[in-house]
Amino acid sequence: MSTDVRNPYYDGYVGVAQIRSFQIRPTKYVSAIYIPIAPQHVGRAASVGALLLPLIAAACAGAPAIFGTHGLAADRIALLGWVCTIISCVVLGIITILVVVALVRRRPARASSADDRIEHSGHAIRWIVIGGIIVPGVTLVVTFLVTLVIQAEVANPPQRPVATIEVTGHRWWWEVKYLGVGPSGSVVTANEIHVPVGQPVRFELVSADVIHSFWVPQLAGKTDVIPGLRNTMWMQADQPGVYWGECAEYCGLQHTHMNFVVVAESPAAFQSWMAQQRQPAARPIDAADADGLDVFRRSGCGTCHAIQGTQAQGRIGPDLTHVASRSRIGAGTLPNTPGNLAGWIANAQALKPGSGMPTMTLSARDLRTLLAYLETLK
Amino acid sequence: MAATALLDRLPVDRADARSPGRWGMVLLITTEASFFAYLLFSYFYLASMARGAWPPTGVPALQLALPNTVILIVSSGTMWWGEVGIRNGNQGRLRLGLLVTLVLGLTFLTIQGVEYSRKTFTPASSAYGSLFFTITGFHGAHVFAGLLMNVVIQVRAWLGHFTARRHLAVSNIALYWHFVDVVWIVVFASLYLTPRLG
Amino acid sequence: MAITTAPTASTDRLTTIWETSPGLYGILASVDHKTIGKRYLVTAFVFFLLGGLEAAVMRWQLTRPDTHLLAPEVYNQLFTMHGVTMIFLFASPILSGFSNYLWPLMIGARDMAFPRVNALSYWTFLMSGIFLYSSVVIGQAPDGGWFAYVPMTEQAYSPGLNMDFYALGMIFLAISTTIGAINFVVTFFKLRAPGMSVNRVPIILWGTLSASIMIVFAAPALTASCILLYFDRRFGMHFFDAANGGHPLLWQHLFWMFGHPWVYIVVLPAIGLASDMIPTFARRPLAGYTFVALSTITTAILGFGVWVHHMFATGLPQLATTFFSAASMMITIPSGVAILAWIATLWYGRPVLKTPLLFMAGFIVLFVIGGLNGVMTAPVPFDWQLTDSYFIVAHIHYVLVGINVFPVFGAFYYWLPKMTGHMLSERLGRWVFALMFVGGNLAFFPMHIAGMLGMPRRIYTYQAGLGWDTVNLITTVGAYVFAVGVGLFLVDFFRSLRHGPLAGNNPWDGSTLEWSVSSPPPSYNFAVLPTVRSRYPLWEDRLGEAPRGGGAAVPVLDDGRETFGTSALDSDPEEVLRMPDDSLWPVLVSLALLILFYGLLLSLWWMAIVGVTGVMVLMVGWFWPSRIPTRETALSPREP
Ligand code: HEA
Ligand code: HEA
Ligand code: CUA
Ligand SMILES: [Cu+2]
């Protein structure tokens with residue numbers, strides 16, 4: 001496939017202007033993730049206040065929404081969320097009505113304002129004690145109890161996790177390591193986490209530099225990734241799908257582009273994915289590919305990237321052993337198409353300014369062979 | 001009439017423990033004390049999070065710090081002695097008290113300097129070093145500030161500015177000095193004594 | 001009426017005593033609380049406009065997905081400066097402005113307890129604002145977010161001067177805030193007019209008092225954390241460096257030990273403003289005065305016990321997070337009390353729907369929304385979903401815009417006539433309110449939904465197809481509607497200066513002492529210092545609380561700048577306080593501080609030393625007594 005030019009920008013140097021034009025448009029792959037949402041729903045929802053609840057639910061279906069959940073922990077939390085939301089809407093409704101009525105209600109005639117004071121101060125205190133102390137107090141105690149129950153539920157997975165995944169937050173990408181797998185003891189990939197559906201997996205979160213936060217809204221809440229600590233969390237996806245994940249703690253220049261996806265698939269599919277990931281990189285099958293590997297070596301990619309089965313063992317950037325099997329590059333920045341990959345290598349700094357991936361100056365020919373090689377790294 | 005009667009009754013700037021100036025000093029001390037509380041919180045927090053021995057450089061020696069503590073406590077005493085002096089209108093006692101306090105304070109700082117120079121670690125060598133020098137350093141800076149105030153008040157004492165009833169500045173600075181002393185006792189207990197407990 | 005008309009004062013004499021000197025000297029040397037208050041208001045408002053401008057630029061970028069008008073480094077500086085400006089240079093100083101202006105007038109004194117400290121507090125605020133904003137000029141504005149989490153803000157990850165500006169600027173500003181707070185506390189306890197016992201003060205005093213006490217305890221946490229950060233950055237220390245025994249969470253603890261109290265610091269005085277405005281327009285005393293006063297104190301105390309709710313996702317032990325979750329829920333009770341008190345006041349009153357009251361009604365609703373979405377983040381598991389999402393951005397804007405900006409704008413409409421002598425326009429005021437209320441909700445309500453749709457905060461752009469487009473579009477539209485409201489207010493303000501009808505002493509029929517003097521008030525505030533017998537001195541006739549008997553006549557106090565010092569709780573006159581004259585020391589000290597901080601910023605140690613020495617020398621000059629009592633009785637002929 002090495003010369004199969006599917007993308008007009010693939011040939012020759014890739015200019016920034018051209019890259020712009022094929023930036024981040026959702027590809028087929030991506031839009032399959034998100035059930036497209038009708039924007040007007042969200043819009044109207046926002047403007048009609050309390051009536052919006054069902055509409056949010058509808059909107060959530062498409063976005064990485066905390067109410068459109070497909071995972072055990074997130075489901076329970078969403079329940080708590082509904083409790084909180086409904087209580088809040090009720091309280092807000094009552095208070096708003098009281099304020100409006102207090103402002104506009106008609107008053108009986110009165111003799112003097114001194115009467116007001118004497119007559120009603122007892123009432124007023126009753127308002128305060130009942131409305132301001134007792135009712136909120138009871139409501140809060142109930143909320144707190146619900147919280148305790150749910151917190152206990154989501155603290156631990158219902159059964160032993162089937163895999164332990166170490167996720168390392170780097171500025172600004174995620175290194176993913178399946179611990180205790182394969183001959184070398186682990187399988188390493190980046191920005192894409194595969195998990196088996198219906199089974200809990202355990203995450204150990206470490207940071208290579210600053211604080212990040214690991215968040216897959218539809219599957220579980222956030223856990224911060226803090227240098228010097230090894231925080232753990234678990235996650236269970238109950239429906240196959242591709243779930244959007246984010247770095248939620250501001251971590252500098254490209255915090256925006258520090259995303260990832262969680263691919264939940266049937267245990268069988270997961271196993272076969274794992275089996276494939278365990279393999280070292282595909283050997284160059286023809287001269288062109290070998291040439292590509294050579295370009296990789298000559299260009300110094302190996303100082304930062306590892307390709308198992310080759311001499312490239314760099315650890316600064318993502319492991320590229322199976323880079324072609326991943327759906328996105330640059331921590332969610334771009335769909336992984338050959339055109340984007342070319343653009344990325346030739347001009348990562350324009351696509352993700354400040355990223356650890358330098359802009360590599362390669363001749364058109366080199367870029368082409370390099371890409372061809374990378375495309376074989378399934 | 002009534003109005004002038006009230007006026008006759010009221011002192012002007014009564015300059016005692018109920019006057020605004022005193023309140024101001026008490027509040028200043030409160031906020032400074034909170035500052036040290038946060039520094040010590042940092043110390044204990046990092047100590048509790050430490051992997052391995054704490055302090056990593058070994059328990060700080062008492063040879064210099066203990067006598068230094070005594071010196072500072074004594075200086076609080078001399079300050080108090082001087083202040084009681086002026087409360088009774090005794091100018092000489094005030095001047096002497098302030099002077100001795102000044103000397104003791106300077107001695108404290110000197111000894112602290114000697115202790116610093118003997119440390120095998122620096123503020124940049126580990127978090128413990130950072131904590132040790134920052135906490136004792138800020139305390140030292142407060143001692144220094146107290147001494148500067150002492151000098152000013154000293155000059156004013158020699159100029160005869162204070163009387164038995166008007167010496168708010170002296171009382172305020174004495175209060176500050178006692179505060180600096182108490183902070184040292186807490187810092188000393190935290191940095192020098194607590195590591196010996198466990 | 002509480003004003004005892006004892007000996008008719010010679011107002012001319014008082015004017016000569018109290019008037020600030022004319023010319024440049026007077027501008028720099030003024031210690032008049034009214035001047036300082038107005039300066040605070042104007043300066044803080046300018047910062048509000050700057051912060052708003054930053055927000056407007058951010059919103060421009062976020063209107064549509066995949067927008068790249070702003071480079072990420074620019075966006076990051078924008079939101080950081082927006083947060084820092086709004087929280088530190090607007091929200092708190094604007095309230096100091098009101099408190100400074102109003103306190104002495106409300107408590108029947110002639111100035112604050114320490115007028116020169118007051119001036120120093122203002123100048124230091126101004127200088128630290130200039131210091132912080134000079135970073136913008138050289139293009140290295142802070143970019144670590146307003147809470148500047150380490151280690152991202154350490155030298156290794158943030159090599160420019162950006163975060164040095166932040167750390168030093170915060171320390172600098174904390175000086176201003178702290179001395180200002182001390183001044184308020186002392187003024188509260190020492191300068192209230194004879195008879196104004198603590199259960200008779202306007203609620204704004206309780207609000208500012210609680211906030212000031214909180215500052216005294218909380219501000220050092222910010223100072224400490226920023227000093228440690230500066231030491232780490234500049235001298236290679238290791239407080240936050242996990243590799244060398246430090247810990248990143250130390251910063252978070254210290255910062256939020258300060259930061260959470262701070263969010264109440266910027267609302268309690270505003271709650272006070274509201275509690276004093278609502279009765280005027282409800283034409284009825286505040287329901288549950290004691291409850292409201294206590295609620296500010298309770299909030300102040302509880303406010304110190306919830307800081308960990310900002311750290312629920314950091315992996316702290318369950319037990320700890322549960323405790324702080326419960327505490328965060330508890331803190332709603334005092335807020336609920338205050339809200340119900342306002343509602344009861346309106347309910348049993350006869351509300352007159354003037355612009356300030358509109359703002360108050362809007363304030364109550366926004367407060368409730370902001371409070372409730374705060375409570376929603378208090379349950380730990382739900383916070384794991386909400387934290388660091390746009391839901392939090394919604395929370396902070398509902399509380400800050402709702403409980404700070406709305407009372408402030410209401411207070412502008414209410415008290416600006418007192419300050420300028422001219423009424424603002426009722427017609428424009430309604431428009432301002434409508435635009436701000438509608439715009440605010442349009443801008444900030446969709447942020448809840450954005451957060452629930454999984455949008456994280458602090459991203460400079462977002463991809464299409466994530467379902468975030470529409471909510472962001474609405475937010476931007478709302479933000480601009482809000483901005484038009486603010487702009488219209490400016491128009492109204494400048495128009496009123498020239499064309500506004502004269503306000504007279506008491507245009508709103510208010511009940512507190514500031515309405516008993518002319519608008520604007522004379523330099524000496526009160527010709528004859530008032531004696532107070534009730535909570536609503538100007539409503540006594542109407543409330544059937546007319547003075548019982550004659551009451552003590554009060555002297556004029558025109559023997560130099562003087563006011564009464566009274567006892568802490570009952571306000572019995574205890575002494576006559578001498579107030580300082582105009583003075584250049586404050587502005588000079590703050591200039592020396594500016595030199596010091598630039599020295600520290602640029603590692604120009606000689607410059608820092610010049611600054612410190614300057615401060616010390618100036619302080620000696622400041623405190624060197626101008627009237628030296630050499631003999632026991634030399635101070636005053638009146639001294640017993
Ligand atoms: C003006 C400032 C202000 C105020 C007043 C508040 C008030 C409250 N805040 Fe908020 N808060 C902030 C400013 C403020 N906050 C800021 C700036 C942040 C973010 C910092 C950052 O990350 O950038 C933050 C973040 C924040 C968090 C952390 C979120 C996160 O990052 O994960 C939490 C979590 O518990 C929280 C909770 C609360 C609570 C419980 C209140 C309560 O005090 C609210 C109480 C009021 C009410 C509830 C309404 C009135 C009550 C009634 C009408 C009675 C009936 C009520 C019930 C029955 C519930 N706040
Ligand atoms: C008092 C506090 C306060 C106030 C009033 C505001 C007001 C506004 N804020 Fe802000 N905001 C914060 C405090 C505040 N904010 C804080 C603490 C943060 C967190 C920062 C962080 O994450 O570190 C934040 C973050 C924040 C974000 C999130 C950024 C991000 O996470 O990426 C956004 C995004 O929309 C935003 C928007 C707005 C808008 C549209 C307004 C509007 O209400 C502003 C409207 C006002 C104006 C537009 C001014 C009017 C201007 C004119 C009339 C033009 C004339 C001007 C001149 C001539 C100079 N704010
Ligand atoms: Cu990593 Cu944000
Ligand atoms: Cu908080």
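The questions below concern a predicted model and ask what lies behind the terms used for it.

Q: What makes C:His82 and C:His397 donors of the iron atom of ligand 2?
A: A nitrogen, oxygen or sulfur atom counts as a donor of such a metal within 2.8 Å. The NE2 atoms of C:His82 and C:His397 lie 1.9 Å from the iron atom of ligand 2, so they meet that cut-off.

Q: Why is the site of the iron atom of ligand 2 called octahedral?
A: Six donors count as octahedral if opposite donors are over 155 degrees apart and all other angles lie between 65 and 115. This iron atom has 6 donor atoms, with angles of 89 to 179 degrees among them, and the site is classed as octahedral.

Q: Which parts of chain C does the pair C:His82 and C:His397 tie together?
A: C:His82 belongs to helix α4 (residues 72–107) and C:His397 to helix α15 (residues 390–420), so the pair links parts of chain C that are 315 residues apart in sequence. Both C:His82 and C:His397 are buried.

Q: What makes a residue part of the surroundings of ligand 2, and which come nearest?
A: A residue counts if one of its heavy atoms lies within 4 Å of the ligand. There are 32 such residues, and C:Arg59, C:Tyr75, C:His82, C:His397 and C:Arg458 come nearest. By class, the shell has 23 nonpolar, 6 polar and 3 charged residues. Helices α3 (33–62), α4, α15, α16 (426–452) and α17 (469–499) of chain C each supply at least two residues of this shell.

Q: How do you know that C:Arg59 and C:Tyr75 make polar contacts with ligand 2?
A: The cut-off for a pair of N or O atoms is 3.5 Å. A side-chain N or O atom of C:Arg59 is 2.7 Å from an oxygen atom of ligand 2, and for C:Tyr75 the distance to an oxygen atom of the ligand is 2.6 Å. Both pairs therefore count as polar contacts.

Q: Which residue is the single protein donor of the iron atom of ligand 1?
A: The donor is C:His395, through NE2, 2.1 Å away. C:His395 is found in helix α15 of chain C.

Q: Why is the copper ion (ligand 4) not counted as a donor of the iron atom of ligand 1?
A: Donors are N, O and S atoms within 2.8 Å, so a copper ion does not qualify. The copper ion and this iron atom are 4.4 Å apart.

Q: Where does ligand 1 lie, and what surrounds it?
A: Ligand 1 lies between chains A and C. It is surrounded by 35 residues, the closest being C:Trp146, C:Tyr264, C:Asp383, C:Thr387 and C:His395. By class, they are 21 nonpolar, 12 polar and 2 charged residues.

Q: What makes the pair formed by C:Thr377 and ligand 1 a polar contact?
A: The distance from a side-chain N or O atom of C:Thr377 to an oxygen atom of ligand 1 is 3.4 Å. The limit is 3.5 Å, so the pair counts. C:Arg457 has a corresponding distance of 2.8 Å to an oxygen atom of ligand 1.

Q: Why is A:Arg283 called exposed, and A:Cys247 buried?
A: Exposed means over 50% relative accessible area, and A:Arg283 has 68%, so it counts as exposed. Buried means under 20%, and A:Cys247 has 1%, so it counts as buried. A:Arg283 is found in the loop between α7 (267–278) and α8 (287–298) of chain A.

Key
Residues numbered from 1 in each chain as written. Chains lettered and ligands numbered in written order. Predicted model: local features only at pLDDT ≥ 70, side-chain atom pairs only at ≥ 80, totals over all residues. Heavy atoms only, no water. Donors = N, O, S within 2.8 Å, 3.2 Å for Na, K, Ca; no water. Tetrahedral: all angles 85-135°; square planar, octahedral: opposite > 155°, others 65-115°. Helix = DSSP H or I, 4+ residues; strand = E, 2+ residues; numbered from the N terminus. Buried < 20%, exposed > 50% of the residue type's maximum accessible area, 1.4 Å probe, protein only. Polar contact = N/O pair within 3.5 Å; in protein donor to acceptor, adjacent residues only side chain to side chain. Nonpolar A, V, L, I, M, F, W, Y, C, P; charged D, E, K, R; others polar.
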